[in-house]
Amino acid sequence: MQTYQLAGVDLAWVSDNNPTAIAYGFLSNNQLIVNAINQDLFGVESILDSLGSTNDLHGIAIDASLIINNQTGQRACERLIGKAYAKKKATCHASNLTLYPDADSVNLSQKLCELGFTHIGNRKSPWQLECYPHPAIIEIFSLDERHQYKKGSVEDKRRGQCELADMLMLLAQSKVLRLVVPEEFRQYFDNQIIRSLRGSKLKHNEDVLDAIVCLYVAGLYQIGNREKVFGGIEEGYIYVPQNMNILDNKGLRPEKPTQY
């Protein structure tokens with residue numbers, strides 16, 4: 001039975017000033033078990049140290065623009081995501097060399113390439129890929145539109161995180177890829193704890209949930225789930241899992257809204 005160690009990275013745009021979160025998981029027999037979470041990582045080198053200290057790391061899904069070659073405007077993959085998901089309110093910000101002439105995300109990706117993590121294409125050898133949580137969440141849970149958990153009031157963010165945490169916990173029942181969250185990591189999914197957070201602590205919890213989404217996307221890529229790649233390796237790309245309907249034709253959602 002083939003097993004893989006995977007990672008999901010919620011990369012901060014300016015990683016020296018803002019924290020990055022990484023979720024690690026062990027993939028075996030269509031089951032992905034969370035086995036480590038590193039948060040509050042600052043700078044590309046600390047991120048590389050975390051990834052490099054993980055034995056037999058095989059795949060990394062990163063929420064960041066890994067390839068930027070356009071001088072202005074959006075990358076082609078960002079425009080394509082906009083066309084595909086605009087009606088579901090999941091478009092992209094622009095990534096270009098004018099805005100980000102020395103992007104941490106590009107530097108990280110290039111260093112991972114030097115370490116042998118090639119871009120999307122070959123699941124048998126170490127790989128990296130760029131993902132985007134908003135359309136991924138839409139596809140994984142068959143949502144009608146983007147799930148709101150990043151903007152609004154503190155209460156809006158708490159509510160959105162609670163709902164996302166509940167949806168992620170439902171993945172333990174998935175017929176496609178089961179997500180197992182051991183007790184030691186349940187604090188990030190606990191509604192009562194999330195409701196008590198504010199400020200940077202609430203943002204850091206959001207980062208961990210995003211990293212978990214990226215980790216799950218990594219698992220879906222490794223098992224060869226249905227997918228769509230927007231763009232290409234030369235000009236930049238975004239990987240999005242497709243048409244999940246994990247439990248039934250209504251997708252996975254909490255049966256009742258989170259109570260406040």
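How do the residues of the lining of the second largest cavity divide into nonpolar, polar and charged? The legends below take up this and other close-up views of a predicted model, in which local features need pLDDT of at least 70, side-chain atom pairs count only at pLDDT 80 or more, and totals for chains, interfaces and linings use all residues. Residues are numbered from 1 along each chain as its sequence is written, and side-chain values use heavy atoms, with hydrogens and water left out.

**View 1. The second largest cavity.** A cavity is a set of points on a 1 Å grid over the protein atoms alone where a 1.4 Å probe fits but cannot get out, and lining residues have an atom within 4 Å of a point. About 30 Å³ of space lies in the second largest cavity, the volume being the space filled by probe spheres set on the points, which are joined across faces, edges and corners. Its lining consists of Ile 137, Ile 140, Phe 141, Leu 168, Leu 171, Val 213 and Tyr 216. Two or more of these residues come from each of α4 and α7. The lining divides into seven nonpolar, no polar and no charged residues (nonpolar: Ala, Val, Leu, Ile, Met, Phe, Trp, Tyr, Cys and Pro; charged: Asp, Glu, Lys and Arg; polar: the others, Gly among them).

**View 2. The largest cavity.** About 40 Å³ of space lies in the largest cavity. Leu 11, Ala 12, Trp 13, Ala 64, Asp 104 and Ser 105 line it. By class, four of the lining residues are nonpolar, one is polar and one is charged.

**View 3. Helix α2.** Helices (H or I, at least four residues) and strands (E, at least two) are DSSP runs, numbered from the N terminus. In α2 (residues 76–85), Cys 77, Glu 78, Ile 81, Gly 82 and Tyr 85 are buried (under 20% relative accessible area, against over 50% for exposed and partly exposed in between; 1.4 Å probe, protein chains only). Down the axis of α2 the buried residues fall within an arc of 145 degrees, so they line one face of the helix; the arc is that of the directions from the helix axis to the C-beta atoms. These residues pack against α4 (133–141), β8 (227–232) and β9 (236–241).

**View 4. Gly 25.** Gly 25 lies in strand β2 (residues 20–28) and counts as buried, at 0% relative accessibility. Not counting residues up to four places away in sequence, Gly 25 touches Tyr 4, Gln 5, Leu 6, Leu 32, Ile 33, Val 34, Asn 35 and Leu 215 (contact: heavy atoms within 4.5 Å).

Technical notes
1 Å grid on protein atoms, 1.4 Å probe; cavity = no way out; pocket = protein on both sides within 12 Å on 5 of 7 lines; lining within 4 Å.
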